[in-house]
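Hi everyone, thanks for coming along. Let me put the sequence and the structure up on the screen, and then I'll walk you through them.

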Amino acid sequence: MRVPDSANYSAISANLASLTARHAKAAAEVSSGYRVTSPSTDPRAAAEIAKLRHAVSRAEGFRSNIGAARGDAELAEGVLSEASALFERAQELAVQGANGTLSASERASMAIEISGLRDQLVSMANTRGPNGFLFSGSATDTVPFANTGAFAGNSDPHNVELGTNHVVNVAIDGAKAFTAAGGVNPFDVLDALATALSTNDQAAVIATLDNIRNAHSQIVRSRADAGLLLDRLSISESALDQGDVALKTRKAVLGEADASEAMSELVSVQNAIEQSLAVAKRNLSLRRFEP
């Protein structure tokens, strides 16, 4: 019995529609590199990929926070290194000034240098980084030290999120480094030494030696704190890197297409469409001559 033309048309159309859909899917995979090109492709995989993308985006935010904190911490560590060297120089001058053979003019020259070192220390303590003043605590927009050495900042934590449920205080405590909160007031120590030298008071110069060493030690401790913070930032970044690899690997497993398989499928479907069209054309042409 002869199959009605409408049935043939329907079969041909259905076959071509199926092949066209396969062709569109394969073409999308080849062009995008992804197997899941829309939620309808694989709803469960698409939903998990969306979550993974959000997690990757959050990780990038954490990494940005780490970068900003590292920049400030590295700058603070460098400043504190310079401050440490400054007190080493102050100690050299104090030891020289304690020598009984020095003249008043020689001590006066040393006093001028010490006063210059004190001005440098104020400038160091007021160093500003990309995210604000380094030694102001949470008051990053406030100049921490007046020329007198008075502290206008605070010791409040400057908390930054470096990971999920991982908040770290990234502030380097300026009070501990540059005020009596750390043991001695370094500005007062330098003032005392400058005064002792300028007044040619050998005994007073000798009396400053212990405090100079103490001021140096507390700045070294603050520098060590900056180093520990840098270590914590590096550990946090390493954890993010490991998590990022896991997230991207899972995302690839779920969504990325196999390039060779996708191209093979595309070529195969293209050939099938061409063959289907040729067969349809031949069958329809033959049917025109059937009685």
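Before I point at anything, one definition: helices here are DSSP runs of H or I with at least four residues, numbered from the N terminus. With that in hand, Gly97 is found in helix 2, and I'll come back to this glycine in a moment. Please keep in mind that what you see is a predicted model.

First, the overall picture. The chain has eight helices and four strands. Reading along the sequence, you meet them in the pattern α-α-α-β-β-β-β-α-α-α-α-α. Of the 291 residues in the chain, 36% are buried. For those of you who like contact statistics: take the contacts between residues at least 6 apart in sequence, and 70% of them join residues at least 24 apart. The accessible surface comes to about 15,700 Å², and carbon and sulfur atoms account for 54% of that.

Back to Gly97, then. Is Gly97 buried or exposed? Gly97 is buried, because its relative accessible area is 0%. Setting aside neighbours within four places in sequence, Gly97 is in contact with Leu102, Arg107, Met110, Leu197 and Val205. There is also a nice long-range pair here: Gly97 and Gln202 are 105 residues apart along the chain, yet their C-alpha atoms are separated by 7.0 Å.

Staying in helix 2, have a look at Ser84, which also has its place there. Ser84 counts as buried because its relative accessibility is 7%, and the cut-off for buried is under 20%. Leaving out residues up to four places away in sequence, Ser84 touches His216, Ile219 and Val220.

Now for the largest nonpolar core. This core has 52 residues, and the ones that touch the most other members are Phe87, Ile114, Leu121, Phe135, Phe178 and Leu233. Which elements each supply at least two residues of this core? They are helix 2 (43–97), helix 3 (104–125), strand 3 (159–163), helix 4 (174–178), helix 5 (186–198) and helix 7 (209–255). Helix 2 gives the largest share, with 14 residues. If you'd like one core residue to click on, try Leu233: beyond its neighbours within four places in sequence, Leu233 is in contact with Ile66, Ala69, Arg70, Ala73 and Leu162.

Next up is helix 3. Helix 3 has 22 residues and spans 31 Å from its first C-alpha to its last, close to the 32 Å expected at 1.5 Å a residue. Its buried residues are Arg107, Met110, Ala111, Ile114, Leu117, Arg118, Leu121, Val122, Met124 and Ala125. Why do these residues lie on the same side of helix 3? Because they cover an arc of only 150° around the axis. As a reminder, an α-helix has 3.6 residues a turn, so residues three or four places apart point the same way. On the face turned away from the buried side, helix 3 carries the exposed residues Ser105, Ile112 and Asp119.

Let's move over to the strands. Strand 3 and strand 4 (residues 166–169) pair in the antiparallel sense over four bridges, and Asn159 stands opposite Asn169 in strand 4. The two strands form a hairpin with two residues between them, and Asn165 in the turn has a positive phi of about 55°. Val167 lies in strand 4, and Val167 counts as exposed because its relative accessible area is 51%. Apart from neighbours within four places in sequence, Val167 is in contact with Asn159, Val160 and Glu161.

One last stop, on backbone angles. Most residues other than glycine have a negative phi. Asn200 has a positive phi of about 60°, although it is not a glycine. Where is Asn200? Asn200 lies in the loop between helix 5 and helix 6 (202–207). With a relative accessibility of 33%, Asn200 counts as partly exposed.

That's my tour, so over to you for questions!

Technical notes: Residues numbered from 1 in each chain as written. Predicted model: local features only at pLDDT ≥ 70, side-chain atom pairs only at ≥ 80, totals over all residues. Heavy atoms only, no water. Core = buried A, V, L, I, M, F, W, Y, C linked by side-chain atoms within 4.5 Å. Buried < 20%, exposed > 50% of the residue type's maximum accessible area, 1.4 Å probe, protein only. Contact = heavy atoms within 4.5 Å. Areas by Shrake-Rupley, 256 points an atom, 1.4 Å probe, with all protein chains shown as cover. Expected span 1.5 Å × (residues − 1). Arc of directions from axis to C-beta. Pairing = 2+ DSSP bridges.
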